[in-house]
Amino acid sequence: MIIASNFKTNYTRGSAKAFIKEIQTFVSHTKSEQNVRIFAPFTALDRFDEIQNIKVGAQNFYPIQSGSYTGEIGFEQLEEFGIDTVLIGHSERRHILKESQSFIAAKYDFAKAREVEIVYCIGEPQEIRMQGIDAIMSYLWEQFEGIDIHYDRLVIAYEPVWAIGTGLSASLEDIEEVLTRLQEKLSAPLLYGGSVKVENIESILNVKACEGVLVGTASWNEKAFCEMIRIADTVKK
Ligand code: PGA
């Protein structure tokens, strides 16, 4: 399964390095079989030791190799660190940074052409959730506009907006219902994100269609993130 941590706008170069080292040590010692992803801030990217199944990824990039886009980070800057996995479509970029679906699709095409793994995030806001499953699914399908769902390095993270950073995870029934519907049309692995923590990761990973998690807040503690990886190793699917 994929167990991913999204640092968002947290961690410095030094603290990210220490975090990554601890996770690498844990994964090597326990011989964990999880595919661990750590989406660090740009300033913390580096050439980290290659340890089985752990990849440090980028939370964002501008869809250009290099050029004149003051303040942006292009692919040349990611390639310097061998970045092989990127986040696209995260709700904070859609809603706070106002990224449009067409811009998100342009980033997707760019990353696809570079053949990197894409963790593509989708999720509905609270007002859509209240309208029921059909409204939720049509909202989510709109987030696939311009997205090649057949890309073989695609991973999808379903993250309801109202569950992100709120401490209120979606119920297991809700997660199962949405992931099962997504699975009818998509073959990419499906992750759940939104207030995943040590206390609920086991039951979430036991949802049949769920192949991993994307964790923010609760992962910003080495011990807790290691514990989540350990719990994932006990879940047999
Ligand atoms: P959260 O964030 O775990 O703090 O809810 C998840 C995410 O934004 O990916």
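This is a guided tour of one structure, stop by stop, for a reader who has it open in a viewer. Keep in mind throughout that the model is a predicted one.

**Stop 1: the ligand**

Begin by selecting the ligand together with the 13 residues around it, of which Lys8, His90, Glu159, Gly165 and Thr217 come nearest. If you sort this shell by class, you will find four nonpolar, seven polar and two charged residues. Now look at individual atoms: a side-chain N or O atom of lysine 8 is 2.7 Å from an oxygen atom of the ligand, and a polar atom in the side chain of histidine 90 is also placed 2.7 Å from a ligand oxygen. Glycine 216 takes part through its backbone, where a polar atom is 2.8 Å from an oxygen atom of the ligand. How much of the ligand does the protein bury? Taken alone the ligand exposes 280 Å², and 99% of that is buried by the protein.

**Stop 2: helix H4**

Next select residues 101-113, which form helix H4. With 13 residues at 1.5 Å a residue, this helix should span 18 Å, and because its end C-alpha atoms are 18 Å apart, the expected value and the model agree. Colour the buried residues of H4, which are Gln101, Ile104, Ala105, Lys107, Tyr108, Phe110 and Ala111. While you look at their spacing, remember that an α-helix has 3.6 residues a turn, so residues three or four places apart point the same way. The cover over the buried residues of H4 includes helices H2 (75-79), H3 (91-96) and H6 (133-142), as well as strands S4 (85-88), S5 (117-122) and S6 (154-158). Just beyond, H4 is followed by glutamate 115, which has a positive phi, near 60°.

**Stop 3: threonine 85 and isoleucine 83**

Move to strand S4 and select threonine 85. This residue counts as buried because its relative accessible area is 0%, under the 20% limit for that word. Its side chain is joined to that of glutamate 117 by a polar contact of 2.7 Å. Apart from its neighbours within four places in sequence, threonine 85 touches a set of residues including Arg37, Phe39, Lys55 and Val119.

Then step back to isoleucine 83, in the loop between H2 and S4, where a relative accessibility of 8% makes the residue buried. Which residue lies 33 places away from isoleucine 83 in sequence, yet 7.9 Å away in space, C-alpha to C-alpha? The residue to select is valine 116. Valine 116 is also among the contacts of isoleucine 83, together with Leu45, Val56, Gly57, Ala58 and Leu78, once neighbours within four places in sequence are left aside.

**Stop 4: glutamate 124 and tryptophan 162**

Now select glutamate 124, which sits in the loop between S5 and helix H5 (126-129). Is this glutamate buried or exposed? Glutamate 124 is buried, since its relative accessible area is 0%. Its side chain makes a polar contact of 2.9 Å with the side chain of tyrosine 158. Setting aside neighbours within four places in sequence, its contacts include Arg129, Ile136, Tyr139, Leu140 and Trp162.

Follow that last contact to tryptophan 162, in the loop between S6 and H7, which is buried at 17% relative accessibility. Tryptophan 162 and glutamate 124 are separated by 38 residues in sequence, while their C-alpha atoms are 7.7 Å apart.

**Stop 5: helix H6**

From here, select helix H6 and mark its buried residues, Ile133, Ala135, Ile136, Met137 and Leu140. Their cover includes S5, H5, S6 and helix H7 (172-185).

**Stop 6: two loop residues with positive phi**

Finish with lysine 31, in the loop between helix H1 (13-30) and strand S2 (35-40), and with serine 195, in the loop between strand S7 (190-193) and helix H8 (201-205). Lysine 31 is not a glycine, although its phi is positive, at about 55°, and serine 195, again a residue other than glycine, has a positive phi near 60°. Their surroundings can be set side by side: lysine 31 counts as exposed at 64% relative accessibility, whereas serine 195 is buried, with a relative accessible area of 14%.

Note on methods:
Residues numbered from 1 in each chain as written. Predicted model: local features only at pLDDT ≥ 70, side-chain atom pairs only at ≥ 80, totals over all residues. Heavy atoms only, no water. Helix = DSSP H or I, 4+ residues; strand = E, 2+ residues; numbered from the N terminus. Expected span 1.5 Å × (residues − 1). Buried < 20%, exposed > 50% of the residue type's maximum accessible area, 1.4 Å probe, protein only. Contact = heavy atoms within 4.5 Å. Near = heavy atom within 4 Å. Polar contact = N/O pair within 3.5 Å; in protein donor to acceptor, adjacent residues only side chain to side chain. Areas by Shrake-Rupley, 256 points an atom, 1.4 Å probe, with all protein chains shown as cover. Nonpolar A, V, L, I, M, F, W, Y, C, P; charged D, E, K, R; others polar.
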